[in-house]
Amino acid sequence: MQKLRLGMIGGGPGAFIGDAHRRAARLSNNYVLVGGVFSSNPEKNQQMPALEGLLPERCYPSVEAMVEAELKRPAEERMEVVAITTPNNLHFAHAMKVMENGFHVVCEKPMTMTVEEALQLEKIVQTKKLVFGLTHTYTGYPMVREMKERIAAGELGEIQRVDAQYYQGWLNPMLHGSKENTLSVWRLDPEISGISSAMGDIGVHAFNLIEYTTGLQINKILADLNHFKKEMPLDLDGTVLLRTNSGAKGVIRVSQVATGEENNLSIAVYGSMASFKWSQENPNYLTKLYGDQPSQVFKPGNSYNQSFAVASHTMPPGHPEGIYEAIANIYLGVARAIKGETVREGAFPTVHDGVRGMQFIHSVVQSNREGNKWIDLL
C-alpha cells in the first residue's frame, strides 16, 4: 500500500497536538512524514530531523519556503497532504497557502478565526477539488460511530432532547494567579485564539458531537458566558440552550475552570423509545437506556457492533483504545478520500464541519453580548 507523503506546519518539539497528529498518522498506516515547518524557533525546527528521521533540508524556515521547495520536487517525491497544528490565528493563512498550491490539508480546530475565513476555505476546497480533514477527534472513537449508526437506524425513535458537556479545570490555578500568568496562555489571547476560549476551544467539540451523532442541525441558540474577571478578555465557562431543525431541544455546558475535572466530555441523546450515553473518559462504553428494561452496554471489538464501529477498532474485545486511535481513524478517512477510495459519510470531519463550528462560536458570543437572547445560528 503506497503511503501518502505528509508535511506538517507547527507541532515541533514539546507540542502535544503535533505529536498526537504524528502518532495518529503512523497508526493509520497510510502516511510517511517527510518534512515541514515545525516551529518558528529555528533551533527547535532543526531538532526535528534527529527526532523524526527527516532530511534536514526538508525542515523549512517558513511555509512559503516549504511550498516553493516542495513544488520543485518531482511529483512522486513532494508532499501530498499537510497537517496544520499551529495556534488558531495561523490556520487560515497556512491552509490557504498550501491549498492554493494543490496540497490536501488536515487541520486542527477551530478551523479559522472568523466565519468569513471558514467560508473562503470551503470555497477553495470545492474549487480545487481537494480533501480537507478537520480533527474533531472524538468523531473517531468507535463507540461514537456506533451511536451515530444506531441513531440513524432509528433505534431511539424520535429524538426529544440532547445534552452535551465538556468540563476541564486546567485554567483554575491561572484564574486565581497573577494577571500576567493568566494572559501568557495563548488560548486566552483574542489575537491568537479568537473571540472565545471555552466555547471556541472545547464547546465546539460538544456542538460537533451533537450534530455528528444525531444527524440533526442546531439552528437556534441562547448563550450565557462567564469571564469571571473584568480583565479576562475571553469566556472561561458557559451554558448554551439549543434548538434543532427537528424541534428537539437541549443544552451544551462548558467550563475550563471546573476544579478537579480533567477532560470530561460526555453526550446523552434521549429518544422516545430509548437513549444513548457516552463519555470520553470511558470511551469504550456506549450505554443504551430503556424505560421498561435494563440498560445495555456496547463495547468495541465485538461482532454485535455496526460495520462502521467494527472498521474503526483495531484491537480484539477488551483491549482499550483511545485518543491516538481516534485521530488515526480521521487520518485514515482522509487518506482514503485522497486516494479516491469510497469513503462513508462521517469517516472524517470536513471543511463544512469547520464552517459549522465557526458559525456556532460566533453565534454563541453574539447571543451572550446581546443580553442572552435567542438567535439563529449564523
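These are my notebook entries on the two largest pockets of this structure.

**Entry 1: the model.** I am working from a predicted model. I looked up pocket volumes, then the residues and helices that line each pocket.

**Entry 2: largest pocket.** I started with the volume, which is about 960 Å³ for the largest pocket. I then looked up its lining and found 42 residues. Closest to the centre are Ile17, Gly18, Thr85, Trp186 and Arg187.

Which helix gives the most to this lining? I noted α1, with four residues. I placed α1 at 16-28. Other elements that each supply at least two residues include α5 (91-100), α11 (198-214) and α13 (323-338).

I checked the residue classes next. The lining of the largest pocket holds 18 nonpolar, 19 polar and five charged residues.

**Entry 3: second largest pocket.** I read a volume of about 380 Å³ for the second largest pocket. I counted 19 lining residues from the lookup. Nearest the centre lie Lys148, Tyr212, Glu345, Gly346 and Asp353. Two or more lining residues come from α11 and from α14 (351-369). I noted α11 as the element that gives the most here, with four residues.

How do the lining residues of the second largest pocket divide? I found seven nonpolar, six polar and six charged.

**Entry 4: cross-check.** I went back to α11. This helix supplies at least two residues to the lining of the largest pocket, and it gives four to the lining of the second largest pocket. I logged α11 under both pockets.

Key: Residues are numbered from 1 along each chain as its sequence is written. This is a predicted model: local features need pLDDT of at least 70, side-chain atom pairs count only at pLDDT 80 or more; totals for chains, interfaces and linings use all residues. Side-chain values use heavy atoms; hydrogens and water are left out. On a 1 Å grid over the protein atoms alone, a cavity is a set of points where a 1.4 Å probe fits but cannot get out, and a pocket is an open set with protein on both sides within 12 Å along at least five of seven lines; lining residues have an atom within 4 Å of a point. Grid points are joined across faces, edges and corners, and a volume is the space filled by probe spheres set on the points. Ala, Val, Leu, Ile, Met, Phe, Trp, Tyr, Cys and Pro count as nonpolar, Asp, Glu, Lys and Arg as charged, and the others, Gly among them, as polar.
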